[in-house]
Amino acid sequence: MATGKGIETADDGVAIVGMTDARALLTSLIREVRYGGKVGAFTERGARQAYVVTPAFYEQAADDAATLEALRERIRELEAGDKPDAKSQARILGEALAAAEAPVEDPDFTPKQRKIVVRRKKPAAED
């Protein structure tokens, strides 16, 4: 937590600056982000209020958000379909998305176990 001493590094590696010190330390924080490879944050009363990131970080985050939205839209389209295989695809994609979005440290998250049933067509009866 920022205590008015300058730029500090939080446990998660984020360089943090208190809002009261923001003006004086802005250039230093930007350099820390740009050249130090860190993410920066401004805090107020110990809570993060805004982040400072590199353009590459921001662009990757924007691309990731667009990809996730496209995937969610595809899942909605498949769920709206009439075909059983489309609904199956929607379920599989939805479970994969839920697993990807689950916090890594979530000890209670377990993907649903599905029983796979293979159905084969019976051979036609000979006359």
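In this predicted model, strands E3 and E4 are joined by 5 bridges and run antiparallel. One of the facing pairs puts Thr 43 opposite Arg 48 in E4. The two strands make up a hairpin with 2 residues between them, and Arg 45 sits in that loop between E3 and E4. Arg 45 is a bit of an oddity in its backbone: phi is positive, at about 55 degrees, although the residue is not a glycine. Its side of the story on solvent is plain enough, because a relative accessibility of 84% is over the 50% cut-off and Arg 45 therefore counts as exposed. Strand E3 itself (residues 40–44) is another matter, being mostly covered, with 4 of its 5 residues buried.

Stepping across the sheet, E3 also pairs with E2, this time through 4 bridges and in parallel. Here Ile 16 stands opposite Ala 41 in E3. The link between these two strands goes by way of a helix: E2, helix H1 (residues 22–36) and E3 together make a β-α-β unit, and the unit is right-handed. On to E1, which is joined to E2 (residues 15–18) by 2 bridges, with the strands running antiparallel. Glu 8 is the residue that stands opposite Ile 16 in E2, so to speak meeting the residue that also stands opposite Ala 41 in E3.

Put together, the pairings give an open sheet of 4 strands in the order E1-E2-E3-E4, with mixed pairing. Strand E1 (8–9) and strand E4 (47–52) stand at the edges with a single partner strand each, so each has one side left without a neighbour in the sheet.

As for the overall layout, the protein has 3 helices and 4 strands, and from the N terminus on the elements read β-β-α-β-β-α-α. Of its 127 residues, 18% count as buried. About 10,400 Å² of surface is exposed, and carbon and sulfur atoms supply 53% of that area. Taking the contacts with a separation of 6 or more, 27% are made by residues 24 or more positions apart.

That leaves the helical part of the chain, beginning with H3 (residues 84–101). A quick geometry check works out: at 1.5 Å a residue, the 18 residues of H3 should span 26 Å, and the end C-alpha atoms are 26 Å apart, which agrees. Buried residues in this helix are Ala 86, Ala 90 and Leu 97. Viewed down the axis of H3, the buried residues fall within an arc of 40 degrees, so they line one face of the helix. What they pack against is helix H2 (55–80).

Leu 97, which is located in H3, gives a residue-level look at this packing. Its relative accessibility is 9%, which is under the 20% cut-off, so Leu 97 counts as buried. Leaving aside residues up to four places away in sequence, Leu 97 touches Leu 68, Leu 71, Arg 72 and Ile 75. For Leu 97 and Ile 75, the separation is 22 residues in sequence and 9.8 Å in space, taken C-alpha to C-alpha.

Terms used
Residues are numbered from 1 along each chain as its sequence is written. This is a predicted model: local features need pLDDT of at least 70, side-chain atom pairs count only at pLDDT 80 or more; totals for chains, interfaces and linings use all residues. Side-chain values use heavy atoms; hydrogens and water are left out. Buried means under 20% relative accessible area, exposed over 50%, partly exposed in between (1.4 Å probe, protein chains only). Contact means heavy atoms within 4.5 Å. Accessible areas come from the Shrake-Rupley method with a 1.4 Å probe; for residues, only the protein chains shown count as cover. The expected span of a helix is 1.5 Å times one less than its number of residues. The arc is that of the directions from the helix axis to the C-beta atoms. Two strands pair if DSSP finds at least two bridges between them. A crossover is right-handed if, with the strands pointing away from the viewer, the path from the first strand over the helix to the second runs clockwise.
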